[in-house]
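The following exercises are to be worked with the sequence and the coordinates at hand. Each task is followed by a solution in steps.

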Amino acid sequence: MSEKPKTLVTSASGKTGLHTALQLREREFPVRAFVRRRDHRSEMLERAGAEVFVGDQYALSDMRAAMQGVQRAYQCAPTAPNGLHFNAVFTAAAYEAGIEHVVTLSQWLSSAHHPSLFTREVYLSDILIGMRREMSVTTVNPGWFADNYLMVLDMAAHLGVFTMPLGAGDVKKNAAPSNEDIARVVTAALIDPATHAGQIYRPTGPELLSPNEIADAMGRALGRRVRYLNISERMMVKALKALPPSNYSVAAVTQLALYAEEYRRCTFAVNAPTDHVARIGGCPPQSFEDIVRGTRAARPDLARSAGRSLRAMAGFAKILATPHFDLRRAENARDYVRLSDPTFSQDDPRWSSTHAPALPDIAPVHAA
Ligand SMILES: NC(=O)c1ccc[n+]([C@@H]2O[C@H](COP(=O)([O-])OP(=O)(O)OC[C@H]3O[C@@H](n4cnc5c(N)ncnc54)[C@H](OP(=O)(O)O)[C@@H]3O)[C@@H](O)[C@H]2O)c1
């Protein structure tokens, strides 16, 4: 029987959960992987030696069952509404089960008065999970994932355009981390609580890139010229509603629009890049170009052909034909909790003080 502590990985079929579970298994730590259905991802987890737990991670009874016999856990709320509910269920079950150490996936933007309800809920969740002193916590605060750009990779591959509402093309605004690199930081903190308890990490990619540079990196990896097109928020919302494989809920789309506004305000560039992937995760962060190369290698459908270009054009026409989607109306319809005077992250003095230039041992590698 293994003497290593068992770790529960929630959202184990998701972007960071899957890699966290696989990386823990590479180090031969016992893993229970929480998924909601059996599919190719749960098979991959089982092949790696993880114990797969199928259930509803918003249900307290399932979370209690999943935590039996577990000592450590990765808390990862899905990119979906009701994050605070998920985190309350997780926290209640973790306290009852006497979990010794949790790594929680928070957000770069996490702040108390943010216009995004999701972000305010993350902020509250960070407080909740830290309330029981017997359980140590490491907080991982990534910014805008590199994976988000891959949503529009088909358009780049087949039409030569990188379309996102990121503002001016020549301003360096984000050093996007890969899913694997975020998981490396999470995994390191799960394996060694004595070193990482109480720490906050902000994994980033190796360098700040402008939208034009992101388009150039896509072009080099895809073997064609790709041009950045700064689209309106209205167009982004239509695209998120129109195109597969988007499975974003209406609620998630309303929040993504706010995160795009933070992107245009350069919030993800504040004291980025960090050295946390190299220093905590143990290897240099992946460049965005390498991330796209990896995706291109795994997806033969990104190779150019006349048929695929035509299909991409049809997709573009579908976006244009999609009716306008009123974000404010959607928020009203859901009866969201709203603040009368919200503040974006950089306007919140508390957020700014916690994102102030780092202490010498976590100084940015080469802040621009
Ligand atoms: N994307 C960004 O740029 C960004 C930036 C900063 C922070 N974050 C944070 O990242 C977190 C999301 O992490 P992620 O991207 O690694 O996760 P993710 O890809 O959204 O994965 C969530 C997983 O949870 C599963 N799931 C959903 N509902 C479930 C249920 N009721 N029971 C069991 N499983 C369920 C989903 O299953 P299926 O796949 O089967 O549907 C999915 O695999 C969010 O909390 C967000 O705030 C994201």
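**Exercise 1: A glycine in a loop**

Gly55 lies in the loop that runs between strand S3 (51–54) and H3. The model is a predicted one. Task: determine whether Gly55 is buried, partly exposed or exposed, and list its contacts distant in sequence.

Solution. Step 1: count the other C-beta atoms within 10 Å of Gly55; there are 14. Step 2: a buried residue requires 20 or more such atoms and an exposed one 12 or fewer. Gly55 is therefore partly exposed. Step 3: leaving aside residues up to four places away in sequence, Gly55 touches Phe34, Asp62 and Ala66. Step 4: compare with Ala65, which is 10 residues from Gly55 in sequence; the C-alpha to C-alpha separation is 9.4 Å.

**Exercise 2: Backbone exceptions**

Task: locate Glu28 and Cys266, state the sign of phi for each, and classify their exposure.

Solution. Step 1: recall that most residues other than glycine have a negative phi, and that most peptide bonds are trans. Step 2: Glu28, in the loop between H1 and strand S2 (31–35), has a positive phi near 65 degrees. Because Glu28 has 10 C-beta neighbours inside 10 Å, it counts as exposed. Step 3: Cys266, in the loop between H12 and H13, has a positive phi of about 65 degrees and is not a glycine. With 17 other C-beta atoms within 10 Å, Cys266 is partly exposed. Step 4: turn to the peptide bond between Ala272 and Pro273, which is cis, with omega about 0 degrees. Pro273 belongs to the loop between helix H12 (250–264) and helix H13 (276–281).

**Exercise 3: The geometry and burial of H4**

Task: test the length of helix H4 (residues 83–97) against its expected span, and describe what covers its buried residues.

Solution. Step 1: the expected span is 1.5 Å times one less than the number of residues. For the 15 residues of H4 the result is 21 Å, and the end C-alpha atoms are 21 Å apart, so the two values agree. Step 2: the buried residues of H4 are Gly83, Phe86, Asn87, Val89, Phe90, Thr91, Ala93 and Ala94. Step 3: their cover includes helix H3 (60–66), strand S4 (72–75), strand S5 (101–105) and helix H5 (117–129). Step 4: just after H4, Gly98 adopts a positive phi of about 65 degrees.

**Exercise 4: Domains and nonpolar cores**

Task: state how the protein is divided, then characterise the contact between the parts and the largest nonpolar core.

Solution. Step 1: the assignment gives domain 1 (7–144 + 178–201) and domain 2 (147–175 + 206–268 + 287–340). Their centres, taken over C-alpha atoms, are separated by 27 Å. Step 2: domain 1 contributes 15 residues to the contact and domain 2 contributes 17. The side of domain 1 that touches domain 2 comprises eight nonpolar, six polar and one charged residue. Step 3: the largest nonpolar core has 46 residues, of which Ala21, Ala33, Val185 and Val186 touch the most other members. Helix H8 (residues 179–191) supplies the largest share of this core, seven residues. Step 4: a separate core of 38 residues includes Trp144, Ala156, Ala157 and Ala217.

**Exercise 5: The ligand shell**

Task: identify the nearest residues around the ligand and give the shell's composition.

Solution. Step 1: of 24 residues around the ligand, Ser13, Gly14, Thr16, Arg36 and Pro78 come nearest. Step 2: by class, the shell holds 10 nonpolar, 10 polar and four charged residues. Step 3: helix H1 (residues 15–26) provides the largest share, three residues.

Technical notes:
Residues numbered from 1 in each chain as written. Predicted model: local features only at pLDDT ≥ 70, side-chain atom pairs only at ≥ 80, totals over all residues. Near = placed C-beta within 6 Å. Helix = DSSP H or I, 4+ residues; strand = E, 2+ residues; numbered from the N terminus. Nonpolar A, V, L, I, M, F, W, Y, C, P; charged D, E, K, R; others polar. Contact = placed C-beta atoms within 7 Å. Domains from an automatic or database assignment. Core = buried A, V, L, I, M, F, W, Y, C linked by C-beta atoms within 7 Å.
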